[in-house]
Amino acid sequence: MKQSSESSELADLPLFAPKSVTPPPKSAGPSRWRKLTTWLPLLGLVLFLAGVAMLVPLGMDEPGVFLPPNRTLPTVVVDAGHGGHDGGAFRNGLREKDLALDTALRLERQLRARGFPVVLTRRDDTFVELFDRAQVANAIPRALFVSIHFNDNTTAAGDGVETFYATDKVAASSEGWSLAGMFKRRHEPPPADNGYAFAQCVQGAVVVGLDITDRGAKARDLAVVRYTRCAAVLVEGGFLNNPREAKKLAQPAYRERLATAIAEGVAAYQREREADAQVEKRTKS
Ligand SMILES: [Zn+2]
């Protein structure tokens, strides 16, 4: 039925244009050009808007989920200990490298929720050299470094949490040459901030957050805290060889509490630094 009506409509259409229709002007050039000049800016605007629409999601790490990073805050380099062929401690069915990565990813989310830009030294089960982990932080102008580990004790079931900072930092390498190799760079002194105050803040927050034995903030020359130029800490988030602590650490909700507490510690340290900077500013002026 429909087909027949369509074909009848087609039949009504003239096969040739009636002679009365005026042909298009032969000199179509200028009018086409005028059309083009009208449409070009509009096309440019559309392309520009499309570009902006593509860039916005790239700039935000996870749109809609986290706050956009607050650029006044330092970048936190989160280092999940061990990885790949280096499993770390393996006790009570728990492997240190897995717990460290899981907690690091949780810490990343917690820090981003507080506006901190975050970089991870590893996001999967890969091995990264200790010096390379430190170098990740050293490549960032303003950074804080947090390494996540879990304890093991071969002699007895230890308990609690401890946070390490560097006894002293290693001076930046003096091997670099500059200005086409004419002058050797001046040997840079080691940074004054060995991470003591940072470790105090993180350790304090974790002890409160987990209601766990406080083993303290301790100075120890561990490579990742020693070779980082910025304030750096290494958190030992509990003993895998202690069945009671292992049972808790096996629970994702407990690891979330640990990550939340570490993030609180980072935020507390940052607030402390900002307050110190304000005092310094006032005393100078
Ligand atoms: Zn470890």
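Colleague: Which residue in β9 does Y165 stand opposite?
Modeller: This is a predicted model, and we can begin inside its sheet. Strands β6 and β9 pair in the parallel sense, over four bridges. In that pairing, the residue of β9 opposite Y165 is A219.

Colleague: Which residue in β10 is the bridge partner of T163?
Modeller: Now turn to the pairing between β6 and β10. Those two strands run antiparallel, with three bridges joining them. Among the paired residues there, T163 has as its partner V235.

Colleague: How many of the residues of β6 are buried?
Modeller: Take the strand one face at a time. In a regular strand, side chains alternate between the two faces of the sheet. On one side of β6, V161, T163 and Y165 are buried; on the other, E162 and F164 are buried too. With both faces covered, the count for β6 is five of five.

Colleague: What is the order of the strands in the open sheet?
Modeller: The sheet has six strands, and their pairing is mixed. β6 and β9 show the parallel sense, while β6 and β10 run antiparallel. Read across the sheet, the order is β4-β1-β5-β10-β6-β9.

Colleague: Which strands stand at the edges?
Modeller: Look for strands with a single partner. Such a strand has one side left without a neighbour in the sheet, so it stands at an edge. The two that fit are β4 (118–120) and β9 (214–219).

Colleague: What does the twist average from one strand to the next?
Modeller: Stay with the six-stranded sheet. Step from each strand to the next and take the average. The twist comes to 20°.

Colleague: In what sense do β1 and β5 pair, and over how many bridges?
Modeller: β1 covers residues 75–80, and β5 covers residues 143–151. One facing pair is D79 with S147 in β5. The sense is parallel, and the number of bridges is six.

Colleague: Which strands does helix α5 touch as it packs on the sheet?
Modeller: Helix α5 spans residues 196–210. Its direction makes about 170° with that of β6. The strands it touches are β5, β6, β9 and β10.

Colleague: What angle does the direction of helix α8 make with that of β5?
Modeller: Helix α8 runs over residues 252–284 and also packs on the sheet. It touches β1, β5 and β10. With β5, its direction makes an angle of about 150°.

Colleague: How many residues apart are E264 and R114?
Modeller: E264 and R114 form a salt bridge, with the closest N and O atoms 2.8 Å apart. E264 lies in helix α8, whereas R114 lies in the loop between α3 and β4. The pair links distant parts of the chain, and the separation in residues is 150.

Colleague: Is E280 buried, partly exposed or exposed?
Modeller: E280 and K284 form a salt bridge within helix α8, four residues apart, about one turn. K284 is exposed, at 68% relative accessible area. E280 has 47%, and exposed needs over 50%. E280 is therefore partly exposed.

Colleague: Where does D152 lie?
Modeller: D152 meets R91 in a salt bridge of 3.2 Å, N to O. R91 belongs to strand β2, and D152 sits 61 residues apart from it. D152 lies in the loop between β5 and β6.

Colleague: How many residues of α3 are buried?
Modeller: α3 reaches 26 Å from its first C-alpha to its last, close to the 26 Å expected. After the helix comes G115, with a positive phi near 90°. α3 is mostly covered: of its 18 residues, the buried ones number 13.

Colleague: Over which residues does the model have zero contacts beyond four places in sequence?
Modeller: Check the confidence. The chain averages a pLDDT of 83, and 75% of the residues score at least 70. Over residues 55–64 pLDDT stays under 50, with two such contacts. The stretch with zero, also under 50, is residues 1–24.

Key. Residues numbered from 1 in each chain as written. Predicted model: local features only at pLDDT ≥ 70, side-chain atom pairs only at ≥ 80, totals over all residues. Heavy atoms only, no water. pLDDT = per-residue confidence, 0-100. Contact = heavy atoms within 4.5 Å. Pairing = 2+ DSSP bridges. Axes fitted to C-alpha atoms, helices over the stretch in contact; angles between N-to-C directions. Salt bridge = Lys/Arg side-chain N within 4 Å of Asp/Glu carboxyl O. Buried < 20%, exposed > 50% of the residue type's maximum accessible area, 1.4 Å probe, protein only. Expected span 1.5 Å × (residues − 1).
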